[in-house]
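Q: Please take a close look at one part of this model and walk me through it. Start with a single residue, then work outward to what surrounds it.

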Amino acid sequence: MLKFLGMLTIVGLAFVFGMYVGRQGTETFLQKARHFGTQVLASTSTLERNLSLRTNLVNAKERLVQAKSELLDKNYGKAATGLGEAWRALKKAMETAGEESKGKLEEVMDMVEAVQDDAQALRPGLQAKVDEIVKELDQLLTK
C-alpha cells in the first residue's frame, strides 16, 4: 500500500511538472531554474563566509581567555604564545570579514599585539587589557 501511494505521488508530481512546462515553455522553466540556482549559490557562500568568520572569532576569544588564565598564573611565556595564536585567528577572521568589520578587527589585532609585547616584557596588569579585548570580540560576535 505504501509503495502504491509513493508511486502515485511520483506520477502526480510528474504530471503537474509536465503541465507547468507545457504551459510556460521550457525557456521560462530553465530561466527560473538558473535564477534559483544562482540564489542558492549566493546564500550558501554568504553563510559559509559568516560561519568561517564566527569560528575564527570564537577561536581567538578562546585563546585570549586561555592567555588571561596564564597571566593570572604568572606564566608570561605561555600567555604571549596564546596571544600570538589569538592574533593569527584574528588574521584568518580578517580574510573572511566584510568591509564593516575589517576596521574593528584591525583595532582588536593591534590591541592583541600590544598586549603580547607587554607580556613578553613581563609587565603586570595585563588581565584588564585582555578583558577589554574579549569584550570587543563579544561585540563583534553579536553582530
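A: Contact here means heavy atoms within 4.5 Å. The model is a predicted one.

Start with Q116. This residue is found in helix α4, which covers residues 99-120. Leave out residues up to four places away in sequence, and Q116 touches A80, L83 and G84. Is Q116 buried or exposed? Its relative accessibility is 16%. Buried means under 20%, so Q116 counts as buried.

Now the helix itself. α4 has 22 residues. From its first C-alpha to its last it reaches 32 Å, close to the 32 Å expected at 1.5 Å a residue. Its buried residues are S101, L105, V108, M109, V112, V115, Q116, D118 and A119. What do they pack against? The partners are α2 (26-72), α3 (76-96) and α5 (127-142). A general point helps in reading such a list. An α-helix has 3.6 residues a turn, so residues three or four places apart point the same way.

M109 is another buried residue of α4. Its relative accessible area is 7%, so M109 is buried. M109 touches W87, L90, K91 and M94, again not counting residues up to four places away in sequence. For a link across the sequence, take M109 and R63. They are 46 residues apart along the chain and 13 Å apart in space, C-alpha to C-alpha.

Next, the pairing of α3 with α4. Two packed helices are described by the angle between their axes and the distance between the axes. The axes of α3 and α4 come within 9 Å and cross at roughly 165 degrees. That angle makes α3 roughly antiparallel to α4. Their crossing is left-handed. On the α3 side, the contact includes A80, L83, G84, W87, L90, K91 and M94. On the α4 side, Q116 and M109 are among the residues that meet α3, along with others including L105, V108, V112, V115 and A119. The residues of this contact divide into 13 nonpolar, three polar and four charged. K91 of α3 takes part, as do K102, E106 and E113 of α4.

Then look past the end of α4. Just after this helix, L122 takes a positive phi of about 60 degrees. L122 is a residue other than glycine. It is found in the loop between α4 and α5. Its relative accessibility is 57%, so L122 counts as exposed. Q116, by contrast, counts as buried.

K74 offers a second positive phi. Its value is near 65 degrees, in a residue other than glycine. K74 is found in the loop between α2 and α3. With a relative accessibility of 56%, K74 counts as exposed.

Finally, a helix pair to set beside α3 and α4. Helix α1 covers residues 2-24, and its axis comes within 6 Å of the α2 axis. The two axes cross at roughly 110 degrees. That makes α1 roughly perpendicular to α2. Which residues meet there? F17, Y20, V21 and Q24 in α1 meet T26, T28, F29 and K32 in α2. The contact divides into four nonpolar residues, three polar and one charged.

Back to the start: Q116 sits in α4, with A80, L83 and G84 in contact. Those three belong to the α3 side of the α3 and α4 contact.

Methods
Residues are numbered from 1 along each chain as its sequence is written. This is a predicted model: local features need pLDDT of at least 70, side-chain atom pairs count only at pLDDT 80 or more; totals for chains, interfaces and linings use all residues. Side-chain values use heavy atoms; hydrogens and water are left out. Helices (H or I, at least four residues) and strands (E, at least two) are DSSP runs, numbered from the N terminus. Buried means under 20% relative accessible area, exposed over 50%, partly exposed in between (1.4 Å probe, protein chains only). The expected span of a helix is 1.5 Å times one less than its number of residues. Axes are lines fitted to C-alpha atoms, for helices over the stretch in contact, and angles run from 0 to 180 degrees between N-to-C directions. Angles under 35 degrees count as roughly parallel, over 145 as roughly antiparallel, 65 to 115 as roughly perpendicular and the rest as oblique. Ala, Val, Leu, Ile, Met, Phe, Trp, Tyr, Cys and Pro count as nonpolar, Asp, Glu, Lys and Arg as charged, and the others, Gly among them, as polar. A crossing is left-handed if the near helix is turned anticlockwise from the far one by less than a right angle, and right-handed if clockwise.
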